[in-house]
Amino acid sequence: VSNALILGIKDYFRKNNFQRAVIGLSGGLDSSVATSLIVKALGRQNVIAILMPDIGTTSPRSMRHAELLVKKFKIKHHNVPINDFVQFFRHLSRKLHYKNKIYAISNVKARTRMMILYYFANLENALVIGTSDKSEIALGYTTKYGDNAADTLVIGDLWKTEVIEMGRFLHIPKSILGKKPSAELIRGITAEKELGASYVILDQILKMYIESGLSPEQIIKNGFNKKLVKNVVERVRLNEHKRRTAMLIRVSEKS
């Protein structure tokens with residue numbers, strides 16, 4: 001699988017006449033695996049990692065892991081904390097009376113990071129590498145025009161549990177492989193806590209629903225929690241808009 005992904009990356013860059021890649025390196029599993037694949041495909045001299053911590057929310061451990069990976073892969077990198085970029089919206093939120101302000105700010109963080117990545121991509125004449133996996137994409141556990149707004153998703157066809165296996169194969173440090181997945185947009189929130197189950201369980205449900213075409217009722221009969229199955233299926237359905245580019249509303253000739 002890794003060889004197929006590496007060949008696919010090489011082919012994509014060759015066809016688009018690019019040699020360099022910019023990637024956001026968080027110190028988490030997905031960005032670690034994606035960076036390893038990009039380095040193998042393009043060579044370390046053609047990969048630029050951007051570390052974008054939110055000081056106060058991003059854990060010191062994640063920052064250490066990101067720095068560890070930069071040294072492991074021997075790649076050029078820039079450290080750009082996002083606090084100053086996000087501060088305007090934090091200040092604005094204090095003046096507004098909305099219930100979901102915390103999630104609005106978390107999405108600002110993801111979109112700020114993508115803006116920074118494209119800034120460096122312009123400087124380096126490079127393409128931006130997305131680090132979302134198939135599980136996150138299916139569940140809508142991404143930010144529209146944030147972490148899902150990249151030029152290519154190198155692990156976008158791997159379920160989270162497959163990314164973990166790929167990480168082992170690529171010798172990603174065990175300290176990273178063993179971490180609970182988290183976007184670290186909100187302090188103390190892990191992906192599995194927010195989604196309601198471990199990715200081992202979530203991936204099984206997603207595979208049965210998306211790949212095997214089983215109905216929620218059939219999945220429940222396989223021994224899975226009824227509430228969890230319905231929640232997963234609903235997430236897939238409601239987040240379809242995140243998996244599509246901007247929808248063109250056509251004006252019919254009859255109107």
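The exchange below goes through how the terms used for this predicted model follow from computed values.

Me: What should I know about the model before reading residue numbers and contacts?

Reply: This is a predicted model in which local features need pLDDT of at least 70, side-chain atom pairs count only at pLDDT 80 or more, and totals for chains, interfaces and linings use all residues. Residues are numbered from 1 along each chain as its sequence is written, and side-chain values use heavy atoms, with hydrogens and water left out.

Me: What makes a stretch a helix or a strand here?

Reply: Both are DSSP runs numbered from the N terminus: helices are H or I over at least four residues, strands are E over at least two. Helix α3 covers residues 60-73, and strand β1 covers residues 20-24.

Me: How do you know which strands pair, and in what order do they lie in the sheet?

Reply: Two strands pair if DSSP finds at least two bridges between them. β1 and β4 (residues 126-130) have four bridges, in the parallel sense, and β1 also pairs in the parallel sense with β2 (residues 47-51) over four bridges. On the β4 side, R20 has A126 as its bridge partner. On the β2 side, V22 is partnered by I48 and G24 by I50. The open sheet has five strands in the order β3-β2-β1-β4-β5, with parallel pairing.

Me: Why are β3 and β5 called edge strands?

Reply: β3 (76-79) and β5 (152-153) each pair on one side only. Helix α1 (residues 2-15) packs on this sheet and touches β1, β4 and β5, with its direction at about 145° to that of β4.

Me: What makes β1, α2 and β2 a right-handed unit?

Reply: The test is to point the strands away from the viewer and follow the path from the first strand over the helix to the second: if the path runs clockwise, the crossover is right-handed. The β-α-β unit of β1, α2 (residues 29-42) and β2 is right-handed.

Me: Why is α1 called oblique to α2?

Reply: Axes are lines fitted to C-alpha atoms, for helices over the stretch in contact, and angles run from 0 to 180 degrees between N-to-C directions. The axes of α1 and α2 come within 9 Å and cross at roughly 60°. Angles under 35 degrees count as roughly parallel, over 145 as roughly antiparallel, 65 to 115 as roughly perpendicular and the rest as oblique. The crossing of α1 and α2 therefore counts as oblique. Residues making this contact (heavy atoms within 4.5 Å) include L5, I9 and F13 of α1 and L37, I38 and A41 of α2.

Me: What makes α4 roughly antiparallel to α5?

Reply: The axes of α4 (residues 83-95) and α5 (residues 101-124) come within 9 Å and cross at roughly 160°. That angle is why α4 is called roughly antiparallel to α5. Among the residues in this contact are F85, F89 and S93 of α4 and I105, V108 and M115 of α5.

Me: How do you know the handedness of these helix crossings?

Reply: A crossing is left-handed if the near helix is turned anticlockwise from the far one by less than a right angle, and right-handed if clockwise. α1 and α2 cross in the right-handed sense, and α4 passes α5 in a right-handed crossing.

Me: Why does I129 count as buried?

Reply: Buried means under 20% relative accessible area, exposed over 50%, and partly exposed in between (1.4 Å probe, protein chains only). I129 has 2% relative accessibility, so I129 is buried. I129 lies in β4, and leaving aside neighbours within four places in sequence, I129 contacts F13, A21, V22, I23, I38, A150, T152 and V154.

Me: What makes T142 buried although T142 lies in a loop?

Reply: T142 is in the loop between α6 and β5, and its 9% relative accessibility is why T142 counts as buried. Beyond four places in sequence, T142 has contacts including S132, E136 and K242.

Me: Why is E67 in α3 called partly exposed?

Reply: E67 is partly exposed because its relative accessibility is 39%. Leaving aside neighbours within four places in sequence, E67 is in contact with L51 and N79.
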